[in-house]
Amino acid sequence: MEKDSGLKLKVIKTNSIIHSKNKHRSGYNFDALCTTYPDLLEFVIVNKYNTKTIDFANPKAVKSLNTALLIKYYGIRFWEFPDTNLCPPIPSRVDYIHHIADLLKASETKGNINVLDIGTGATCIYPILGHAEYNWRFVGTDIDKESLNAAEKIIRKNNLNDFITLRCQSKLLQILKGVIMENDSFSITMCNPPFYKSEQEAYEATKRKLKGLKIKGDNFIRNFSGTSKELWYQGGEKAFLHNYLYESSKFKTKCGWFTSLVSKKDLLQGMYLSLNKLGATDIKTINMGQGNKVSRIVAWTFR
């Protein structure tokens with residue numbers, strides 16, 4: 001535990017490793033996955049190390065792998081959504097679930113767990129994982145009606161209507177206002193914010209990523225998935241997060257903990273300062289590791 005100088009609030013950090021409860025800590029058993037989901041077989045290759053894998057630059061292969069994981073490990077029978085939407089990597093998404101479960105346990109949160117998932121998307125990924133792992137109930141919100149329609153179909157096809165409900169955020173720049181109702185009481189929120197300020201910034205970031213995967217030429221556009229509402233927000237991640245912090249202070253009695261993924265480490269200090277001014281009583285920063293990528297969850301409460 002360490003105190004961040006100049007702040008009244010404690011910032012608690014954990015080691016950046018895959019969560020001990022994550023079913024995918026040891027990688028993927030492609031033979032077992034292909035038995036569960038035969039459609040994956042066509043995408044499996046053997047690399048130069050004589051190890052089975054897939055081409056992670058191929059969006060169809062990635063979608064097939066994550067579908068297989070959901071079917072084998074999380075009891076999902078149907079997971080279809082438009083190819084234009086982002087396909088979430090299951091191991092990192094379930095890590096978020098496990099870390100906030102630890103947070104709720106440590107804070108002695110009692111009773112049934114109700115979670116508000118901000119930006120649930122077409123895949124409905126956090127609600128289906130959270131229910132599968134911990135039997136939580138979810139309200140998922142999104143500003144894209146087409147994404148909500150796709151998510152609703154996933155919920156219905158997997159008989160999850162009693163555990164997951166959806167709400168449309170009608171205002172582009174609002175986050176909590178308009179979707180938290182008078183009688184709501186949530187144990188925790190979760191959110192994976194849009195990273196970019198514009199379509200061009202998102203395009204350039206994808207270009208750099210695929211260059212790292214050794215894809216040359218302009219054909220990388222076909223690998224670019226994610227709708228505008230998933231990828232960018234006016235002012236980018238920083239603006240989104242500070243709007244979220246401010247709105248959370250207006251709903252402090254409606255939720256025990258507020259949380260968000262934060263991709264850029266240099267945003268943390270500004271968040272801590274803002275939360276201190278808004279009256280947060282505790283802040284926790286949880287580092288997560290997935291391969292070479294390091295991300296973090298910031299959690300705060302007003303209670």
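The following legends describe close-up views of a predicted model.

**Figure 1. Overall composition of the chain.** In this predicted model, the chain contains nine helices and 11 strands. Of its 303 residues, 49% count as buried. Among contacts between residues at least 6 apart in sequence, 70% join residues at least 24 apart.

**Figure 2. Strand 5 and its pairing with strand 6.** Strand 5 spans residues 114-118 and is mostly covered, with four of its five residues buried. Strand 5 pairs with strand 6, residues 137-142, in the parallel sense, and five bridges connect the two. Within this pairing, Asn114 of strand 5 faces Arg137, which stands opposite in strand 6. The chain passes from strand 5 to strand 6 by way of helix 4, residues 125-134, and the resulting β-α-β crossover is right-handed.

**Figure 3. Strand 5 and its pairing with strand 8.** Strand 5 also pairs with strand 8, which comprises residues 186-191. The two strands run parallel and are joined by four bridges. Leu116 of strand 5 and Thr189 of strand 8 stand opposite each other. Strand 5 thus appears in two parallel pairings, one with strand 6 and one with strand 8.

**Figure 4. Helix 4, the connecting element between strands 5 and 6.** Helix 4 lies on the path of the chain between strand 5 and strand 6. Like strand 5, helix 4 is mostly covered, and seven of its 10 residues are buried. The buried residues of helix 4 are Ile125, Tyr126, Pro127, Ile128, Leu129, Gly130 and His131. After helix 4 comes Asn135, which has a positive phi, near 65°.

**Figure 5. Contact between helix 2 and helix 3.** Helix 2 covers residues 59-74 and helix 3 covers residues 90-106; their axes come within 10 Å and cross at roughly 45°. An angle that is neither under 35 degrees, nor over 145, nor from 65 to 115 counts as oblique, and helix 2 and helix 3 are therefore oblique to each other. On the side of helix 2, the contact involves Asn66, Leu69, Leu70 and Tyr74. These residues meet Ile90, Pro91 and Val94 of helix 3. The residues of this contact comprise six nonpolar, one polar and no charged.

Technical notes:
Residues numbered from 1 in each chain as written. Predicted model: local features only at pLDDT ≥ 70, side-chain atom pairs only at ≥ 80, totals over all residues. Heavy atoms only, no water. Buried < 20%, exposed > 50% of the residue type's maximum accessible area, 1.4 Å probe, protein only. Pairing = 2+ DSSP bridges. Right-handed = clockwise from strand over helix to strand, strands pointing away. Axes fitted to C-alpha atoms, helices over the stretch in contact; angles between N-to-C directions. Contact = heavy atoms within 4.5 Å. Nonpolar A, V, L, I, M, F, W, Y, C, P; charged D, E, K, R; others polar.
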